[in-house]
Amino acid sequence: MAKRSSGITLQQLTYYIEVAAEGSISAAADLLYVAQPTMSAAMKDLESRVGRVLLLRSARGVTLTTDGVEFLGYARQVVEQVALLEQRYLDRPPSRRLLGVSTQHYSFAVDALVRMVKASSATEYEFSLRETRTWDIIEDVRTLRSELGILYRNDFNRNVIDKLLRDSGLAFRPLFVAEPHIFISRKNPLAARDRVTLDDLADVPRLTFDQGANNSFYFAEEILSTLSSPQEIRVSDRATIFNLMIGLDGYTISTGIISDDLDPEIVAIPLDVDERIEIGWIAHSAIPLTEQAQRYLSELRAVVAGFGVTLLG
């Protein structure tokens, strides 16, 4: 790496944020209407100025180094603060809002984003909400593709999840502890029950979210993943799992928090097991959250509290 130079420009930080988001120097250049050679030279100059390799380049694009991930967190902070200064003192309109969240399949995470968008004064914004696999959530946050991740842990998967988070430089912040429920169609005969047992579910199709190549029991989105089921269907998205609940009277296990507005045909029934589900959010332990991430977490807490759930932390 060349000798460290002085001075990092705001333009370089803006370019770098877009390169990291797009995973490609050429794609970022197109997005910002900058010539690709200009963008590439700006990134090399930035690395020279900070004296560290921030990007790993390949034919498929770029990925961030460990230093690059940390640098991105601070770059976002600086650019966001400049936008706030311009809005306050130069009477500029609110800047485009940026935030990435990766989450397991929770309707309250969607509700929180809906509230955030409605409350935003920005005329332009770019939010990303990825409902995805457990491993991918951690990887998204590690590489700062997403600033926040939302997932669960319990006594079964806690050690594995916590070690993976530590190795990735991430921290888990508890949000609430939920009693396990099953989600089923309102037309399912079990919907009339006050509680259900595992025996009640013995002949009911079990619906789970597919975890892809990392299909370990420890990464399952549902508790009791080691229990066998004679009828099981794996799906990749929430719309499909709800359709199967309605069409096949199937069930899945989750937190019990479900939005009537988003999921009017699905109900939650308590599951009589000696288990608890700890829901929390993850982020880089050494990088401060942006204002947008803090706003999202505030809305997330408000949504959860609206269901009468006791918040942690």
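Begin with the lining of the second largest pocket, which divides into five nonpolar, three polar and three charged residues. To show it, select Val19, Ala20, Ala21, Glu22, Gly23, Val62, Thr63, Leu64, Asp140, Thr143 and Arg145. The model on screen is a predicted one. The space these residues enclose as a pocket has a volume of about 310 Å³.

Next, colour the lining by element. Two elements give two or more residues to this lining: α1 (10-22) and β2 (61-64). Of the elements, α1 gives the most, with four residues.

Now widen the selection to residues 8-65. The UniProt record, an unreviewed entry, places the feature "domain: HTH lysR-type" on this span. By content, residues 8-65 are 60% helix and 14% strand. Put a distance label between the C-alpha atoms at the two ends of the span, and the viewer should give 19 Å.

Clear the selection and pick out the strands β7, β10 and β11. They form an open sheet of three strands in the order β10-β7-β11, with antiparallel pairing. Which strands stand at the edges? They are β10 (252-254) and β11 (266-270); each has a single partner strand, so one side of each is left without a neighbour in the sheet. Turn the view to look along the sheet: the twist averages 40° from one strand to the next.

Stay with the pairing of β7 and β11. Strand β7 covers residues 181-185, and five bridges join it to β11 in an antiparallel run. For one of these residue pairs, select Phe183 and Ala268: Ala268, in β11, is the bridge partner of Phe183.

Add helix α8, residues 238-248. This helix lies across β7, β10 and β11. Relative to β7, α8 runs at about 70°.

Keep α8 and the sheet in view and turn to the enclosed spaces. How many cavities of 30 Å³ or more does the structure hold? There are two.

For the largest cavity, select His105, Tyr106, Phe183, Phe209 and Ser254, the lining residues that lie nearest its centre. Phe183 has already appeared on this tour as the bridge partner of Ala268. In total, 21 residues line the largest cavity, and about 170 Å³ of space lies in it. At least two lining residues come from each of α8 and β10, and α8 gives the most, with four residues. By class, this lining has 12 nonpolar, five polar and four charged residues.

The last stop is the second largest cavity, with about 80 Å³ of space. Its lining is made up of Gly73, Arg76, Leu144, Glu147, Ala283, His284, Ile287, Pro288, Leu289 and Thr290. Which elements give two or more residues to this lining? They are α4 (66-89) and β12 (277-284). Coloured by class, the lining shows five nonpolar, three polar and two charged residues.

Terms used:
Residues numbered from 1 in each chain as written. Predicted model: local features only at pLDDT ≥ 70, side-chain atom pairs only at ≥ 80, totals over all residues. Heavy atoms only, no water. UniProt positions renumbered as here; feature names shortened; annotations may be inferred. Pairing = 2+ DSSP bridges. Axes fitted to C-alpha atoms, helices over the stretch in contact; angles between N-to-C directions. Contact = heavy atoms within 4.5 Å. 1 Å grid on protein atoms, 1.4 Å probe; cavity = no way out; pocket = protein on both sides within 12 Å on 5 of 7 lines; lining within 4 Å. Points joined across faces, edges and corners; volume = space filled by probe spheres on them. Nonpolar A, V, L, I, M, F, W, Y, C, P; charged D, E, K, R; others polar.
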